[in-house]
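Reader: I should like to study a protein model step by step, with a reason given for each answer. May we begin once the structure is in view?

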Amino acid sequence: MKNSRGIVWGGLLVILGVIWLLRSMNLLNVDWDAVLPYWPVLLILAGAILMAAGRERGSGGIVALLITLAVFGGVVNKTHQAFDDRDNWHFGWDDDDDDHNYGYHHDDNDDDDDDDEKDDDYQKEKWKSGDRPINGTYNHEMEDFIQKANFNLEGGAGSFSLNGNTAKLFEASTKSTIVGFLSNTSVNKLDNSATVTLKMEEGNVKIKDGEMSNQAKIQLNEKPVWNIDLGIGAGKGNFDFSNYKVEKLKVSTGVADMDIRLGDKMPATNVDIEAGVASVTLEVPESVGCEMYMDGALNAKNMDGLSKVGDGHYRTSNFDTAAKKVIVHYEGGLTSINIKRY
């Protein structure tokens, strides 16, 4: 058994290390879109080895390694397809350093509609000739009647951060190559609400000097009660909601490294997380009671301050007595989930 574990984890580390080393040396450029659909081949190989080798020493570890890689490939491929079907997002990995540098500014206001239409037509004409925007700024003015707000982030692959406070309803600064971002804000005076959407266009992501080419830095106004929906296919997300009144938070991610910090501004915050092959760190104030329901297999977890009270059910000791609570529903496979108290 120990020998099999050593083969599985050692083999995984060797394979991942070789892939990243070759990528760093510009000796490997894999089209994952073409490779991932063939993950069942690994299961076929595992079955063939079992039939040929039987119970010979070492064969079990090799079979386990192939099955683990097959599960990994299947989860990534399925997550990839789900995001593609949802909004036609495409997560390509292009290491070419030949970046295009073109400026683009967009102010998401309700005024000057004619000018906006002319700008949109101008951008479409530019894009037909192969030019794409690289820098963008987006914002919408805060209005006194807005008491509740929704923020939807639809990001394919890249680096995303959200923190701080703005006097506007929201502000975003983006940097990208090949693709651009689109933003839309609608307000409803009948229920004193607003909805903000920031969406990445379809395209590829580039990695240069260890930094992703598609980036977005976002700030929200701290006055409204927020419902937030984050969709990130791949990359890194750093989201600090400690200054915001977050009532609901939904996170959908494929292959990403997510750091999320919650605050204590609401009596109850509901968090729903769906993760593919991802690392998720969730920070919760010590004064806030935290409860977590977890569903999925092969997940590595570190529950700081949470004790197991049932199958997939964890809770802090102060949950029943705390005036403010965070309730987390987590679903993932082959993920790492860390709960930290601060």
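Author: One term is needed at the outset: two strands are said to pair if DSSP finds at least two bridges between them. The model discussed here is predicted.

Reader: How many helices and how many strands does the protein have?

Author: The protein has 342 residues, of which 43% count as buried. Its elements are 5 helices and 19 strands.

Reader: Among contacts with a separation of 6 or more, what percentage is accounted for by residues 24 or more positions apart?

Author: The contacts in question are those in the protein with a separation of 6 or more. Residues 24 or more positions apart account for a share of these contacts that comes to 68%.

Reader: In the hairpin of strand 16 and strand 17, which residue takes a positive phi?

Author: Strand 16, residues 306–310, pairs with strand 17 in the antiparallel sense over 4 bridges. Within this pairing, L306 stands opposite T316 in strand 17. The hairpin has 2 residues between the strands, and the positive phi, near 70 degrees, belongs to G312.

Reader: Which strand pairs with strand 14 in the parallel sense?

Author: Strand 14 spans residues 289–295, and 5 of its 7 residues are buried. With strand 17, residues 313–316, strand 14 runs antiparallel over 3 bridges, and there Y293 stands opposite H313. On the parallel side of the question, M294 of strand 14 has Y330 as its bridge partner. The parallel pairing, over 7 bridges, is with strand 18.

Reader: Which strand gives the largest share of the largest nonpolar core?

Author: The largest nonpolar core has 52 residues, and F151, F239, F241, L249 and M292 touch the most other members. The largest share of this core is 6 residues, and these come from strand 11.

Reader: Which residues of strand 17, residues 313–316, does M292 touch?

Author: Residues up to four places away in sequence are not counted here. M292 touches M303, L306, G312, V328, Y330, I337 and I339, among others. Within the range of strand 17, residues 313–316, the residues touched are H313 and Y314.

Reader: Is D257 buried, partly exposed or exposed?

Author: D257 lies in strand 11 and, leaving aside neighbours within four places in sequence, is in contact with G235, K236, G237 and S279. Its relative accessible area is 31%. Buried requires under 20% and exposed over 50%. Because 31% lies in between, D257 is partly exposed.

Reader: Where does N192 lie, and what is its relative accessible area?

Author: Phi of N192 is near 55 degrees, a positive value in a residue other than glycine. N192 lies in the loop between strand 5 (181–188) and strand 6 (193–200). N192 is partly exposed, and its relative accessible area is 24%.

Reader: How much space lies in the largest cavity?

Author: Rolling a probe the size of a water molecule over the atoms shows where empty space is left. The structure holds 3 cavities of 30 Å³ or more. The space in the largest cavity is about 70 Å³.

Reader: Which residues that line the largest cavity are the closest to its centre?

Author: The lining divides into 7 nonpolar, 2 polar and 5 charged residues. Strand 11 and strand 18 each supply at least two residues of it. Of the 14 lining residues, the closest to the centre are V246, G263, D264, K265 and T269.

Definitions and conventions
Residues are numbered from 1 along each chain as its sequence is written. This is a predicted model: local features need pLDDT of at least 70, side-chain atom pairs count only at pLDDT 80 or more; totals for chains, interfaces and linings use all residues. Side-chain values use heavy atoms; hydrogens and water are left out. A nonpolar core is a set of buried Ala, Val, Leu, Ile, Met, Phe, Trp, Tyr and Cys residues joined through side-chain atoms within 4.5 Å. Buried means under 20% relative accessible area, exposed over 50%, partly exposed in between (1.4 Å probe, protein chains only). Contact means heavy atoms within 4.5 Å. On a 1 Å grid over the protein atoms alone, a cavity is a set of points where a 1.4 Å probe fits but cannot get out, and a pocket is an open set with protein on both sides within 12 Å along at least five of seven lines; lining residues have an atom within 4 Å of a point. Grid points are joined across faces, edges and corners, and a volume is the space filled by probe spheres set on the points. Ala, Val, Leu, Ile, Met, Phe, Trp, Tyr, Cys and Pro count as nonpolar, Asp, Glu, Lys and Arg as charged, and the others, Gly among them, as polar.
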